[in-house]
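Reader: Could you walk me through some salt bridges and a helix pair in this model?

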Amino acid sequence: MSGTDLFTFNTFGKRPMKEQVTPHKLSVLILVHKYQTLRLPTILHEGLMDDSLEEIVFTENEKRDFMTTILDLLQSSDIELKELRAKLHGVVKPVVLDFFFDKLKEIHDDGLQPIMKFFHDINGLVYQDSESKPFISKYSVLGFFFRRMILAFNKLSFSQVTELWAKIKYYYELCFPNNEPEADLGKSLTDSVMSLSGTGGPLTKSCLAQSFEGLQISENTVGGFYSQKQAEYFIAQQASLLHHNESKALSPRKLQDKITVILKANKDLAEAHFLSYLNSLRVKEYCTAIHNLYHYYDRNAKISSTSTTAKDKEDLSIRYAALNVAALHFRFGHHGEAMASLIESIHKAQEVNDHVCLQHALAWLQRFGQQGVAAMAHLIEKSITRSEDLSLPYLTSLGVQVLARHNAFVFEKPASVFEYLEYSDILNCQNFLTGMIQVSYTQKSALWHLFGKSELSSMSSLLVLNLDTIESGVSDNTELSCIALCNLAEKHAERGQYQIATDLLNHAKLRFPVDCVDSHHWMKSEQQINFDRMLNNRKWNLVEQAVINLRVVAEDESNLRNAIYLCEKGEATPAFNQLQKLLENMKDTTDGKELDFQCRVLLAMSRLYINTGNHTTAITHVLDCISKARSHHMNYFIAIASVQLAFIQYHMKLPEQALGLLERNMLPVLTNGSIYDQARTLYCYARVQVACARQSQQDKKSALLSAVSVMNLVIELFKKVEAHHRVKDGVYYQARLYNDLGYTAERNKCAHEFKQLDQQHPTLNQTSVNAF
């Protein structure tokens with residue numbers, strides 16, 4: 001085995017933090033020593049041998065569990081004895097634990113002599129002599145740890161050893177507070193020194209007591225100190241968790257406290273500053289984030305490497321520093337500053353022909369540029385080609401997905417869009433890009449939703465959640481999973497399955513707590529579901545509260561839903577002003593990703609005109625919505641807008657034209673629409689069908705009976721989504737149909753049901769009567 005220290009990370013010439021013997025590290029030494037002593041007591045050195053001990057047999061599973069536990073203890077930070085005992089419970093044999101705690105009690109009771117004897121004894125575990133082989137290889141992980149601790153202890157002065165014992169005593173008493181009566185610390189130290197010196201005379205204050213007067217023992221002396229290897233392992237572990245599964249990482253406050261402890265020991269540890277930068281991004285703390293990013297690159301630029309000169313290393317650091325600053329500004333919405341930093345990074349990369357840095361800069365340039373324009377497509381295609389030449393599969397796959405998204409907003413057919421995503425999937429599988437596979441499925445879900453295919457959108461979200469993303473024992477729990485859960489919750493709510501939607505959102509809350517950076521997704525979905533449900537129930541105070549809560553995470557969405565709320569409540573003028581403002585803002589927007597929102601605003605404006613009886617003006621907005629949706633293959637918006645247009649034609653006494661329009665566009669709504677949209681469409685169809693029969697005077701009774709059957713389904717669907725006011729409308733219309741048919745008993749039954757519903761849910765404004 002080579003002499004490389006497996007515990008030392010790539011420090012690039014940095015001066016490592018000074019190693020120290022702490023109570024926790026001493027406990028690990030004792031635990032390993034006792035394990036080895038009990039496992040093979042007859043072949044150890046004479047100084048370690050105890051004739052009274054019998055060899056204990058450990059199974060292979062027990063050996064594996066013990067070693068993995070020790071490795072975890074070596075790599076993690078110092079912990080209290082109580083926590084250590086909890087970790088060892090069920091992993092280490094009880095007999096080993098008994099000897100372990102007996103040794104700690106001996107040190108606690110007898111003072112310094114057992115400590116010094118213990119460090120003398122463990123030399124035989126790792127140091128080789130002429131007569132025997134070392135039981136622990138000095139080049140192994142444990143060997144390096146033992147040698148470091150022995151060397152660190154040998155360097156301690158007498159006063160430092162006594163201070164160590166004081167910390168061990170406090171460390172032990174935190175776990176076993178009732179082990180023995182509390183004694184004066186100064187007296188205990190004096191007694192310990194007496195036992196070492198062999199003298200019985202008291203020590204004067206000028207001799208030793210003065211050096212320990214005012215000794216302060218706190219929780220910080222028990223655990224939390226990080227050596228170089230512990231600090232870098234902790235940083236790598238937390239950075240990985242922040243990237244893959246933020247909920248498993250420490251909370252922002254606790255993580256920052258840990259980083260502060262690390263930086264107190266070594267202020268020049270650049271990686272700690274970068275971890276602090278990532279932690280600041282979690283809570284959207286701009287000033288702290290940019291401060292730590294600057295500190296990271298300032299210290300990283302000073303690091304020299306054997307493979308590059310110091311000047312090259314500094315230039316590399318400056319290039320990527322500018323690139324990261326650009327990403328930081330973009331994240332906080334500072335687009336001007338982001339572009340300036342990106343241009344600086346590009347110039348620095350061009351000076352030294354750093355093509356990899358240029359490709360990353362080009363990928364960010366695509367984010368900064370205007371989406372959905374022809375010039376952007378050329379830039380993306382160029383980026384894909386160059387990434388392939390440089391063998392950068394991640395950037396290649398990312399570029400292909402960005403191009404697919406771009407094409408979805410520039411009149412390309414869905415088949416062309418998904419063809420690009422298929423190519424991206426091939427790249428992801430060939431290069432094992434698990435993260436990009438998740439991105440691909442999430443994007444497919446969003447695009448299927450855009451194109452009006454609800455079931456396929458849900459299926460793609462399910463695939464995101466069912467992917468095997470476990471890596472190094474940690475499964476991905478990223479923003480993509482949160483988006484998928486929220487999408488499924490919204491789909492279930494659209495079907496009236498509110499309990500399932502609530503369960504999904506509760507699961508999202510557990511995986512992405514409030515202080516998580518991705519929690520705004522479930523917050524938005526929760527308020528949208530609450531809005532729709534309370535609006536159907538006509539609980540105006542809860543609807544208004546949902547609008548206010550939604551404004552925190554999605555202002556435009558909140559404004560649109562506020563206008564819908566005002567319209568349903570009968571406040572037409574404020575609703576019109578709100579929608580008009582949204583339409584004016586959209587005139588200046590050329591970004592294709594806003595098309596979905598634009599169509600919803602146009603349909604809401606059209607419904608407002610319908611509710612107020614102005615059907616002619618409503619046609620303009622409906623046709624505008626159909627035009628935008630048709631140009632971008634948004635089939636569901638085409639269908640629902642056409643149904644709304646048919647409803648207008650019905651009110652304009654054009655039932656035959658309305659019937660033909662409905663028959664051509666009902667299928668997408670009934671297969672992919674929400675329960676509420678399906679019920680509205682069928683309600684409109686029943687009314688149009690009866691109107692056509694009355695005009696033609698042919699087979700009128702058959703049309704009425706068909707309408708009654710359709711209305712039964714309509715009422716059932718409205719009940720499923722708790723739209724009680726619409727149930728009342730359906731029952732009222734069904735009573736009229738029974739009256740026309742001459743079915744008096746059925747008519748009276750519907751009339752009685754209507755009366756009960758009207759008492760519970762009275763109609764308070766005219767707009768509710770005219771609503772689509």
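Author: What follows covers salt bridges first and then a pair of helices. This is a predicted model, in which local features need pLDDT of at least 70 and side-chain atom pairs count only at pLDDT 80 or more, while totals for chains, interfaces and linings use all residues. Residues are numbered from 1 along each chain as its sequence is written, and side-chain values use heavy atoms, with hydrogens and water left out.

Reader: How many salt bridges are there, and what counts as one?

Author: The count comes to 24 salt bridges, each being a side-chain nitrogen of Lys or Arg within 4 Å of a carboxyl oxygen of Asp or Glu.

Reader: What does Asp72 pair with?

Author: Asp72 meets Lys87 in a salt bridge, at 3.3 Å from N to O. The pair links distant parts of the chain, with Asp72 in helix α2 and Lys87 in helix α3, 15 residues apart; helices here are DSSP runs (H or I, at least four residues), numbered from the N terminus.

Reader: And is Asp121 buried or exposed?

Author: Asp121 counts as buried because its relative accessibility is 14%, where buried means under 20% relative accessible area, exposed over 50%, and partly exposed in between (1.4 Å probe, protein chains only).

Reader: Switching topic, at what angle do α4 and α8 cross?

Author: Their axes come within 9 Å and cross at roughly 130°, the axes being lines fitted to C-alpha atoms over the stretch in contact, with angles running from 0 to 180 degrees between N-to-C directions. The helices α4 and α8 are therefore oblique to each other, since angles under 35 degrees count as roughly parallel, over 145 as roughly antiparallel, 65 to 115 as roughly perpendicular and the rest as oblique.

Terms used: Helices (H or I, at least four residues) and strands (E, at least two) are DSSP runs, numbered from the N terminus.
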